[in-house]
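Let's take a relaxed walk through this structure, one part at a time. Keep the picture in view as you read.

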Amino acid sequence: MNQRVDYVFKVVLIGDSAVGKSQLLARFARNEFSLDSKATVGVEFQTRTLTIDQKIIKAQIWDTAGQEMYFIFYQYRAVTSAYYRGAVGAMLVYDISKPQTFEHTVRWLEELRGHADKNIVVILVGNKSDLVTQRAVSIEEAKEFAETENLFFIETSALESTNVETAFLTVLTEIYKTHC
Ligand code: GDP
Ligand code: MG
């Protein structure tokens, strides 16, 4: 099938390892979820085609390994550049039950701002909202950080499929509004 495509938007997933980046992508691209998800090796992307404002948008979502890759990224600037090149959106993911992953979002943001286009649309995503009893990052502090840094913010659960669609659509719609 040769479907007409009006725009291709590249969106990158960033954040520490095991926060749920790959499962968010699996949920969005294929409506799948896996509890024993394998750590991502290298870089890969998946696409989903959707309609915004009667335009056919192909979302190309890039996924990579997290923290363990972080240092490799610094050693191989060419890889970092390739990952961010042409990206018009980013989802900066942390795990609401792991405060460290939230604290590290500052560093991810620095890396993003150092490599990506300055008009990139960024959403801060607090994933694993289903882990209610293990919550260690409050909605308030995350919201405050997002406001200070000019990011969109949402909490999601890839497991329960909560807000995943909304998270991606928020980024894609904003990209459409600012770039098209
Ligand atoms: P990545 O390293 O950021 O890509 O993280 P993965 O997507 O591989 O997920 C890491 C682990 O967290 C896996 O065991 C997933 O099944 C689990 N996971 C991902 N999303 C959620 C979620 O929303 N809720 C819960 N409870 N577990 C999740
Ligand atoms: Mg992964």
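Helix α1 (residues 21–30) gives the most to the shell around ligand 1, with 3 residues. Helices here are DSSP runs of H or I with at least four residues, strands are runs of E with at least two, and both are numbered from the N terminus. In total, 20 residues surround ligand 1, and the closest are G20, K21, S22, S37 and L159. To be near the ligand, a residue needs its C-beta atom, placed from the backbone, within 6 Å of it. The shell splits into 7 nonpolar, 10 polar and 3 charged residues. Here Ala, Val, Leu, Ile, Met, Phe, Trp, Tyr, Cys and Pro count as nonpolar, Asp, Glu, Lys and Arg as charged, and the others, Gly among them, as polar.

A word on the ground rules. This is a predicted model, where local features need pLDDT of at least 70, side-chain atom pairs count only at pLDDT 80 or more, and totals for chains, interfaces and linings use all residues. Residues are numbered from 1 along each chain as its sequence is written, while chains are lettered from A and ligands numbered from 1 in the order in which they are written.

Now for the sheet. It is an open one with 6 strands in the order β2-β3-β1-β4-β5-β6, and the pairing is mixed. At the edges sit β2 (43–52) and β6 (152–155), each pairing on one side only. Two strands pair if DSSP finds at least two bridges between them. Strands of a sheet pair through backbone hydrogen bonds, either parallel or antiparallel. Strand β4 (residues 87–95) runs parallel to β5 (residues 121–127), joined by 7 bridges, and M91 stands opposite I123 in β5. Helix α5 (residues 105–115) packs on the sheet, touching β1 (7–14), β4 and β5, and its direction makes about 165° with that of β4. Helix α6 (residues 139–148) packs on the sheet too, touching β5 and β6, at about 160° to the direction of β6. Such angles run from 0 to 180 degrees between N-to-C directions, with axes fitted to C-alpha atoms, for helices over the stretch in contact. Contact means that the C-beta atoms of two residues, placed from the backbone, lie within 7 Å. On the other side of the pairing story, β1 and β4 are parallel over 5 bridges, and K10 stands opposite A87 in β4.

How enclosed is β4? It is largely enclosed by the rest of the structure, because 9 of its 9 residues are buried. A residue is buried with 20 or more other C-beta atoms within 10 Å of its own, exposed with 12 or fewer, and partly exposed in between. The largest nonpolar core has 44 residues, and V11, V12, A90, M91, L92 and I123 have the most contacts inside it. Its largest share, 7 residues, comes from β4.

Finally, here are two residues with a positive phi.

| Residue | Phi | Place |
|---|---|---|
| D53 | near 55° | loop between β2 and β3 (55–64) |
| K128 | about 75° | loop between β5 and α6 |

Most residues other than glycine have a negative phi, and most peptide bonds are trans. D53 counts as exposed because it has 10 C-beta neighbours inside 10 Å, whereas K128 is buried, with 25 other C-beta atoms within 10 Å.

Note on methods: A nonpolar core is a set of buried Ala, Val, Leu, Ile, Met, Phe, Trp, Tyr and Cys residues joined through C-beta atoms within 7 Å.
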